[in-house]
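I opened the coordinates to take a few notes. The plan was to start with the whole chain and then go through single residues.

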Amino acid sequence: MAPGLYTDIGKKTRDLLYRDYCTHQKFTLTTCTPEGVAITAAGTRKNESIFGELQTQLKNKNLTVDIKANSESDLLTTFTVDEFATPGLKSILSLVVPDQRSGKLELQYLHEFAGINASVGLNPNPMVNLSGVFGSKELSVGVDVSFDTATSNFTKYNAALSLTYPDLIASLHLNNHGDTLTASYYHLVKSHSSTAVGAELSHNFPRNESTLIFGSQHSLDPHTSVKARFNNYGMASALVQHEWRAKSLVAISGEVDTKAIEKSTKVGLSLVLKP
């Protein structure tokens, strides 16, 4: 529903420029039981370290339960209820064991002209977060603030503006207490081949530094896509992703510093297997 949540502003550009790129090895296997329980096992090797994760998801009508365990002995449990009490309202309760102060209650409400997200920590001095987007699918504005009740300080206050057309999306973010201004755009060039280009320009006022990143994507065929990006510091990345069967993907990506090619090349591999 328009205009979505605050996190949706600029998401198309972020997905184009950052999603699926990796410089490590990752393997993901998902299986489903006859009762509808989805079990996902994932392993990631980064440098000399190996991280593991096991996730179980159970859906029953409008209730979804996610239980995720990782190699650091953390257990994250999330309960999500769609259409909670009224249409458009979603409630999310999350808890990390053994951290007893990690509980969080979140409410999301989507309306034709607004999207609101509110969360509060379940501890004596919680962090409270509130974000909202107002407008239409074509033009919307949003704010995102966090308040620490322990120190009585606002730890975050951001604002954003989004302009959306069928083939063009532009957004403007003011983040980090007003220290960083980020402008981004996404342009769908050819819909039948998913050919698109995007760019993101960020300027940090205290440091007087700017970062520009430009990227593009293109589908070679219905099962194979390529992406590439380049920033003003000389870092270049490329990605090839192939769906060799339904929902099962293999992706190879590389990153290189064009100013030091002989010693900076990194290659990553991602494999996703689903039934």
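My entries follow, with overall values before individual residues.

**Entry 1: confidence**

I began with the origin of the coordinates: this is a predicted model. I looked up the average pLDDT of the protein and found 93. I also noted that 100% of the residues score at least 70. Where is confidence lowest, and where is it highest? Helix α2, residues 261-264, has the lowest mean, 75. Strand β14, residues 195-204, has the highest, at 98.

**Entry 2: overall build**

I listed the secondary structure and got 19 strands and two helices. I then compared the radius of gyration with the globule rule: the protein has 21 Å, and the rule gives 19 Å for 275 residues, so the protein is as compact as a globular protein of that length. Along the principal axes, I have the C-alpha atoms in a box of roughly 55 × 50 × 40 Å.

I checked burial next: 34% of the 275 residues count as buried. The exposed surface of the protein comes to about 16500 Å². Carbon and sulfur atoms supply 61% of that surface. For contacts with a separation of 6 or more, I noted that 27% join residues 24 or more positions apart.

I looked at the charges last. The protein has 25 positive and 26 negative charges, and I have their mean positions 3 Å apart.

**Entry 3: Ser94 and Ala251**

I located Ser94 in strand β6, which covers residues 89-97. Is Ser94 buried or exposed? The relative accessible area of Ser94 is 15%, so Ser94 counts as buried, the cut-off being under 20%. Beyond four places in sequence, I found Ser94 touching Leu76, Thr77 and Thr78, and also Ser102, Gly103 and Lys104.

Ala251 sits in strand β18, residues 248-257. I read a relative accessible area of 5% for Ala251, which is therefore buried. With neighbours within four places left aside, Ala251 is in contact with Leu239, Val240 and Gln241, and with Gly268, Leu269 and Ser270. I also took a distance from Ala251 to Ser216: the two are 35 residues apart along the chain, and their C-alpha atoms are separated by 16 Å.

**Entry 4: Asn175**

I placed Asn175 in strand β12, residues 168-175. The relative accessibility of Asn175 is 19%, so I logged Asn175 as buried, under the 20% limit. Which residues does Asn175 touch, apart from those up to four places away in sequence? I found Tyr6, Asn158 and Thr180. Lys156 is 19 residues from Asn175 in sequence, and I have 8.2 Å between their C-alpha atoms.

**Entry 5: two residues with positive phi**

I looked up phi for Lys61 and found a value near 60 degrees, positive in a residue other than glycine. Lys61 lies in the loop between β3 (49-60) and β4 (63-70). I have Lys61 as exposed, at 82% relative accessible area.

Phi of Asn208 is near 55 degrees, again positive in a residue other than glycine. I found Asn208 in the loop between β14 and β15 (209-221). The relative accessibility of Asn208 is 60%, so Asn208 counts as exposed, the cut-off being over 50%.

**Entry 6: two partly exposed residues**

Arg45 is in strand β2, residues 38-46. I noted 44% relative accessibility for Arg45, which makes Arg45 partly exposed. Outside four places in sequence, Arg45 is in contact with His24, Gln25 and Ile50. I took the C-alpha distance from Arg45 to Gly4 as well: 35 Å, with their positions 41 residues apart along the chain.

Where is Glu138 found? I have Glu138 in the loop between β9 (127-135) and β10 (139-148). At 46% relative accessibility, Glu138 is partly exposed. I found Glu138 touching Ser162, Leu163 and Thr164, with residues up to four places away not counted. Asn231 is 93 residues from Glu138 in sequence, and I have their C-alpha atoms 29 Å apart.

How values were computed. Residues numbered from 1 in each chain as written. Predicted model: local features only at pLDDT ≥ 70, side-chain atom pairs only at ≥ 80, totals over all residues. Heavy atoms only, no water. pLDDT = per-residue confidence, 0-100. Helix = DSSP H or I, 4+ residues; strand = E, 2+ residues; numbered from the N terminus. Rg over C-alpha atoms; globule rule 2.2 N^0.38 Å. Buried < 20%, exposed > 50% of the residue type's maximum accessible area, 1.4 Å probe, protein only. Contact = heavy atoms within 4.5 Å. Areas by Shrake-Rupley, 256 points an atom, 1.4 Å probe, with all protein chains shown as cover. Lys, Arg positive; Asp, Glu negative; His and termini not counted. Charge placed at Lys NZ, Arg CZ, Asp CG, Glu CD.
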